[in-house]
Amino acid sequence: MDMKISGAGIIGGGEYDKVAISGSAKAEGFIRCKELHCSGAFSGNAEIECENDIKISGAFKNSGAVKTKEFKTSGSAKTGAISAETIKVAGAFMVEGNLKTTELDVAGGLKVT
């Protein structure tokens with residue numbers, strides 16, 4: 001099942017194939033998906049486990065842990081702990097917790113606390 005939000009909406013915990021956000025979304029609970037793509041704003045307190053990739057264009061603010069194959073952000077992003085094979089940042093990225101990756105590419109700023 002896919003989750004698509006155009007405009008504003010809420011993503012409840014659950015399992016999804018593709019999560020696509022165009023606008024703004026708030027998330028809560030545990031989210032498991034194959035991919036998450038957001039153009040706009042994402043906020044939440046969700047633990048996110050994404051099989052393939054998370055791509056953000058805009059603002060991403062999630063206090064929960066994130067685990068994915070590739071995390072790519074253009075804009076600003078803030079997460080709890082993050083584990084990803086590849087992390088690509090164009091803009092600002094703040095991690096409040098552990099950062100685990102094999103490839104890190106940052107054009108902008110990175111802060112890990």
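1. Phe-71 is buried in this predicted model. Its relative accessible area is 0%, and since buried means under 20% relative accessible area, the label follows directly. Phe-93 is also buried, with a relative accessible area of 3%.

2. Aromatic pairs come next. The structure holds 3 of them. In one, Phe-42 and Phe-60 are stacked, with 4.7 Å from centre to centre and 15° between the planes. Phe-71 and Phe-93 form another stacked pair, at 5.3 Å centre to centre and with 25° between the planes. Phe-71 belongs to strand E4 (residues 66–79) and Phe-93 to strand E5 (residues 82–95), so this pair ties together parts that are 22 residues apart in sequence.

3. Are Phe-42 and Phe-60 buried or exposed? Phe-42 counts as buried because its relative accessibility is 2%. Phe-60 is buried too, with a relative accessible area of 2%. Ring pairs link Phe-42, Phe-60, Phe-71 and Phe-93 into a cluster. When looking at the structure, it helps to find these four side chains together.

4. Strand pairing can be followed through E3, which covers residues 18–62. Strand E1 (residues 3–11) pairs with E3 in the parallel sense over 9 bridges. To place this pairing on the sequence, take Ile-10, which stands opposite Lys-26 in E3.

5. Strand E2 consists of residues 14–15 and pairs with E3 in the parallel sense. How many bridges join E2 and E3? There are 2 bridges. Glu-15 has Arg-32 as its bridge partner in E3.

6. E3 also pairs with E4, again in the parallel sense, over 12 bridges. Here Ala-59 has Ser-76 in E4 as its bridge partner. E4 is also the strand that holds Phe-71, so a reader can go from this pairing back to the aromatic residues of point 2.

7. The last point concerns the surface. Which residues make the nonpolar surface patch of about 280 Å²? The patch is made by Leu-104, Val-106, Leu-110 and Val-112. Val-112 lies in strand E7, which runs over residues 103–112. Val-112 counts as partly exposed because its relative accessibility is 44%, and partly exposed is the class between under 20% and over 50%. Phe-71, by comparison, is buried at 0%.

Note on methods. Residues numbered from 1 in each chain as written. Predicted model: local features only at pLDDT ≥ 70, side-chain atom pairs only at ≥ 80, totals over all residues. Heavy atoms only, no water. Patch = residues over 30% accessible without salt bridge, like charges linked within 9 Å, V, L, I, M, F, W, Y side chains within 5 Å. Areas by Shrake-Rupley, 256 points an atom, 1.4 Å probe, with all protein chains shown as cover. Salt bridge = Lys/Arg side-chain N within 4 Å of Asp/Glu carboxyl O. Helix = DSSP H or I, 4+ residues; strand = E, 2+ residues; numbered from the N terminus. Buried < 20%, exposed > 50% of the residue type's maximum accessible area, 1.4 Å probe, protein only. Phe/Tyr/Trp six-rings, centres within 6.5 Å; stacked < 30°, edge-to-face > 60°. Pairing = 2+ DSSP bridges.
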